[in-house]
Amino acid sequence: MLENPRLRLGAALWLAAMAGVVVLSLTVLPQLADKASPNVPFGVAVAASILQSGVLVALAVWGGVALSRPLGLGAPVIEAALSGSGVWPALKIQLIPAAICGFLVGGLLVLLARIAPSELLALGQAIEIPVAAKILYGGVTEEILMRWGLMTVLVWLPWRFIQKRIGLPRTSHIVAAIVVAALLFGVLHLPAAAAMGANLNLSVVTYIIIGNTVPGILFGILYWRYGLEAAIIAHALGHAVAVLAAV
């Protein structure tokens, strides 16, 4: 039994993020197995993927747990649940902005699907990412990695070394962190696209970066203003809306 609240929070976030990692590894890796060179046994590939991701998630979770509180950032719903206090007061503040953002992102994903480069459309037909992976990995794991982990660190650095820990972070520092984290969110999708067989030409790179940076900025604003769960809800809802629109 973990008595330290920060340890409980970290464990809960790590387990939530790893659920997405496991689902993605078990559903997408088999589709990529034939593309691996040299051929890697499926069990080895899954174990390596989960282990590597587990370490990365642990670092992101630790960064957020260690640095978020003095920055005014947090995960109020999860913290309320873990402390045994009422979850609804924290959640109800997040629902409307998260829902609005989720529907906007879902609409954007639908639009992007219609203007995607032809080779990405072909890849989408050849490799299927299940709904569960999109919601659990995209909605939960990516937000814990990119907002809770990376964005928190990017806000903390200028607060620590420029502001000397005085007051809350300046808005300019937070906005810069939101944009940089969102850009990196877009850039980090490029290796995955390459692994799926995409040719990273200018149109593909531009499409992937812009298509992920714009939602990333919205998720970053939600994390800043309302908490991590708002970003998670919006991200997951965006994928759900896009999937339903494609039915």
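Here is a walk through this predicted model, from its cores out to its surface. Local features are given where pLDDT is at least 70 and side-chain atom pairs count only at pLDDT 80 or more, while totals for chains, interfaces and linings use all residues. Residues are numbered from 1 along each chain as its sequence is written, and side-chain values use heavy atoms, with hydrogens and water left out.

Let's start inside. The largest nonpolar core (buried Ala, Val, Leu, Ile, Met, Phe, Trp, Tyr and Cys residues joined through side-chain atoms within 4.5 Å) has 39 residues. Buried here means under 20% relative accessible area, exposed means over 50%, and partly exposed is in between (1.4 Å probe, protein chains only). Among the residues with the most contacts inside this core are Leu13, Val57, Trp148 and Tyr223. Helices H1 (5-32), H2 (42-67), H4 (88-115), H6 (131-161), H7, H9 (202-225) and H10 (228-246) each supply at least two of its residues; helices are DSSP runs of H or I, at least four residues, numbered from the N terminus. H6 gives the most, with nine residues. A second, separate core has 12 residues, including Val28, Leu123, Ile208 and Ile209.

Val57 is worth a look: leaving out residues up to four places away in sequence, Val57 touches Trp14, Ala17, Met18, Val21, Thr141 and Leu145, a contact being heavy atoms within 4.5 Å.

Now for Ser68, in the loop between H2 and helix H3 (76-83). Ser68 counts as buried, at 5% relative accessibility. A polar atom of its side chain lies 2.7 Å from the backbone oxygen of Gly64. With the same sequence neighbours left out, Ser68 touches Gly63, Leu73, Trp148, Thr152 and Tyr223.

The whole structure holds two salt bridges, meaning a side-chain nitrogen of Lys or Arg within 4 Å of a carboxyl oxygen of Asp or Glu. In one, Glu79 pairs with Arg69, the closest N and O atoms being 3.1 Å apart. Glu79 sits in H3 and Arg69 in the loop between H2 and H3, so the pair ties together parts 10 residues apart in sequence. Glu79 is partly exposed at 26%, and Arg69 is exposed at 59%.

The other joins Glu143 to Arg147, with closest N and O atoms 2.8 Å apart. These two are four residues apart in H6, which means about one helical turn separates them. Glu143 is buried at 0% relative accessibility, and Arg147 is buried at 0% too.

Conventions:
A polar contact is a pair of N or O atoms within 3.5 Å; within protein, one must be able to donate a hydrogen and the other to accept it, and residues adjacent in sequence count only if both atoms are side-chain atoms.
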